[in-house]
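Please open the structure in a viewer and keep the selection tool at hand. The tour below proceeds stop by stop, stating at each one what to select and what is found there.

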Amino acid sequence: MSVALDTSLRFNPAKTSTHQAATSLAADLIQAIQHHRGQRFTRQPTLYQQNLTTILLNLYAASMTSGKPWVAYSRNENDPIYRQKSRYNSTGLSYRRVTALLGSLTGLGLLETVRGFYDPTTGVSRLPRMRASQELEDFFDKYGLTPRMTCHIRETIRLKNRQKKLVEYRDTPTTNRIRTDLDRINANLVDADIRLNCSIEELHALLAQVYGRNQGEGIKDFDRTSTTLYRVFNNTMASKPRLTHGGRFYGHWVQCLLSDYREKLLLDGQPVCELDFSGLSINMLYLREGLPMPEEDVYAVEGMAVDRGTMKGVLQRLLNAKDMKQAKQAIRDLLRDEDRELLPRVDELMQAFLHKHVQIVRYFGTGVGLELQRQDSHMANLILLRLLDRGITCVPVHDSFVVQAHHRDQLKEIMEEVSKEALGAILRIA
């Protein structure tokens, strides 16, 4: 599979629109598809049009992205996005309808597709890809589609099992409260005008960095029509959610940007600033042990000239893995993507951190990272809500927060306030 195919957007099943331009395009194409098929959609015709709208908006988002990446989608009829009566299938997609529509769009010359594959000898697999033909892109222009016509109707609380698969759950007062908070945060983000203030050349360089961060399936979420957040929790107990692990915010396109590009953002026409909690997880563990937070950079090891981002990734995997064997494998996977020359030094990197943070070493290889994420995501939620109370829009990027630059002091004040309440100490902010 070519590099171009490896730079793909992920199909987003939550895309929909009530805007006349989008609904008219879908309605007219349904007529063309029925004529091409020689028969009408007699069963649930409205759902066919809704499913087509979701497909078209995904193709449109890709066509508006620099480099016009492909869209990776699933042809597995057991995929949760096709599961009927699932909280994760918010737009009513069905495998039968989607595959029928894709086949017809291809037959009409409106869609280019590439089949997926699985190689059992190497374990390498790729999802199928699709993208709009030039004729379909011309239709997007003719009907006057714009990114702001897209909205997302999706489950904002996602629960994953140990295999990282989405699972169903029953709502509780806690999930309802979290969802209500997200509804308020998302209503504000949807109304915000957030854009990159950079040249076409810089944008191409950005895409190269986004897609070059790792190989793997090559699927990314750099979709600038994705302007809302959802939260992912990471463990379950039967059908009742246990929201004790994870809970971080995902889904907004800004989160895909590297930090040097986030500096180029304009939020409602104003430049932005970004503040983050320095060494958050490690400092939380020192506080848990009743120890002072380290004065030096928690990711820097004396005598090791290794990229700070890579060192941070190594330390995160030591915290997230359930045992040291799993941690070692996770670090190997990281280095294969980021710096293959470091692969022979995996044991050295691990030992360096075990020595540097000997006072909290008992937490390494215990999976404590997801537990800490639950705590820091709660703090992030409080920060977002308190900023909204002051009329301030903010995009969270895990442990950092992006606001208009003139709100910097207010953001710092609230971050200090929340960390003091949650942890009994004011965390370092950079």
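**A guided tour of the predicted model**

Begin with Gln44, which sits in the loop that joins helix H2 (20-37) to helix H3 (45-63). The model under view is a predicted one. Although Gln44 is not a glycine, its phi is positive, at about 50 degrees. With a relative accessible area of 39%, Gln44 is partly exposed.

Next, select Lys85, in the loop between strand E3 (70-72) and helix H4 (95-107). Lys85 likewise is not a glycine and has a positive phi, here of about 60 degrees. Is Lys85 buried or exposed? Its relative accessible area is 90%, so Lys85 counts as exposed.

**Helices H3 and H4**

Now display H3 and H4 together. Two packed helices are described by the angle between their axes and the distance between the axes. The axes of H3 and H4 come within 10 Å and cross at roughly 65 degrees. H3 passes H4 in a right-handed crossing. To see the contact, select Leu47, Tyr48, Asn51, Leu52 and Ile55 on the H3 side, and Arg96, Arg97, Val98, Leu101, Leu102 and Leu105 on the H4 side.

**Ser17 and its surroundings**

Move to Ser17, placed in the loop between strand E2 (15-16) and H2. Ser17 counts as buried, because its relative accessibility is 6%. Which backbone atom lies 3.1 Å from a polar atom of the Ser17 side chain? It is the backbone nitrogen of His19. A polar atom of the Ser17 side chain also lies 2.7 Å from the backbone oxygen of Met149. Setting aside residues up to four places away in sequence, Ser17 touches Ala22, Thr23, Thr53, Leu57, Met149 and Cys151.

**Arg154**

Select Arg154 next, in the loop between strand E8 (151-152) and strand E9 (157-159). A relative accessible area of 13% makes Arg154 buried; the cut-off for that term is under 20%. Then add Thr91 to the selection: Arg154 and Thr91 are 63 residues apart along the chain, and their C-alpha atoms are separated by 7.9 Å. Apart from its neighbours within four places in sequence, Arg154 is in contact with Asn12, Ala14, Ser90, Ser226, Thr228, Leu229, Tyr230 and Gly251. Of these, Thr228 merits a closer view, as its backbone oxygen lies 2.7 Å from a polar atom of the Arg154 side chain.

**Helix H10**

Proceed to helix H10, residues 308-320. At 1.5 Å a residue, its 13 residues should span 18 Å, and the C-alpha atoms at its ends are 18 Å apart, so the expectation and the model agree. At the start of H10, a side-chain oxygen of Asp307 reaches to within 3.0 Å of the backbone nitrogen of Gly309.

Which residues of H10 are buried? They are Thr310, Met311, Gly313, Val314, Leu315, Leu318 and Leu319. To see what covers them, show the surrounding helices: the cover includes helix H9 (280-288), helix H11 (324-338), helix H12 (346-356) and helix H13 (368-389).

**Helix H13 and helix H14**

Remain with H13 and select Gln373, which lies in this helix. Gln373 is buried, with a relative accessible area of 11%. Its contacts, leaving aside neighbours within four places in sequence, are with Gly246, Arg248 and Asn320.

Then bring in helix H14, residues 408-423. The axes of H13 and H14 come within 10 Å and cross at roughly 140 degrees; the two helices are therefore oblique to each other. H13 passes H14 in a right-handed crossing. From H13, the contact is made by Gln375, Met379, Leu382, Ile383, Arg386 and Leu387. From H14, it is made by Leu411, Ile414, Met415, Glu417, Val418, Ser419, Glu421, Ala422 and Leu423.

**After H14**

The final selection is Ile426, in the segment after H14. At 45% relative accessibility, Ile426 counts as partly exposed. How far apart in space are Ile426 and Glu416, C-alpha to C-alpha? The separation is 5.3 Å, while in sequence Ile426 and Glu416 are 10 residues apart. Beyond its neighbours within four places in sequence, Ile426 is in contact with Met293, Glu416, Ser419 and Lys420. Ser419 has already appeared on this tour, in the contact that H14 makes with H13.

Key. Residues numbered from 1 in each chain as written. Predicted model: local features only at pLDDT ≥ 70, side-chain atom pairs only at ≥ 80, totals over all residues. Heavy atoms only, no water. Helix = DSSP H or I, 4+ residues; strand = E, 2+ residues; numbered from the N terminus. Expected span 1.5 Å × (residues − 1). Buried < 20%, exposed > 50% of the residue type's maximum accessible area, 1.4 Å probe, protein only. Contact = heavy atoms within 4.5 Å. Polar contact = N/O pair within 3.5 Å; in protein donor to acceptor, adjacent residues only side chain to side chain. Axes fitted to C-alpha atoms, helices over the stretch in contact; angles between N-to-C directions. Parallel < 35°, antiparallel > 145°, perpendicular 65-115°, else oblique. Left-handed = near helix turned anticlockwise from the far one by under 90°.
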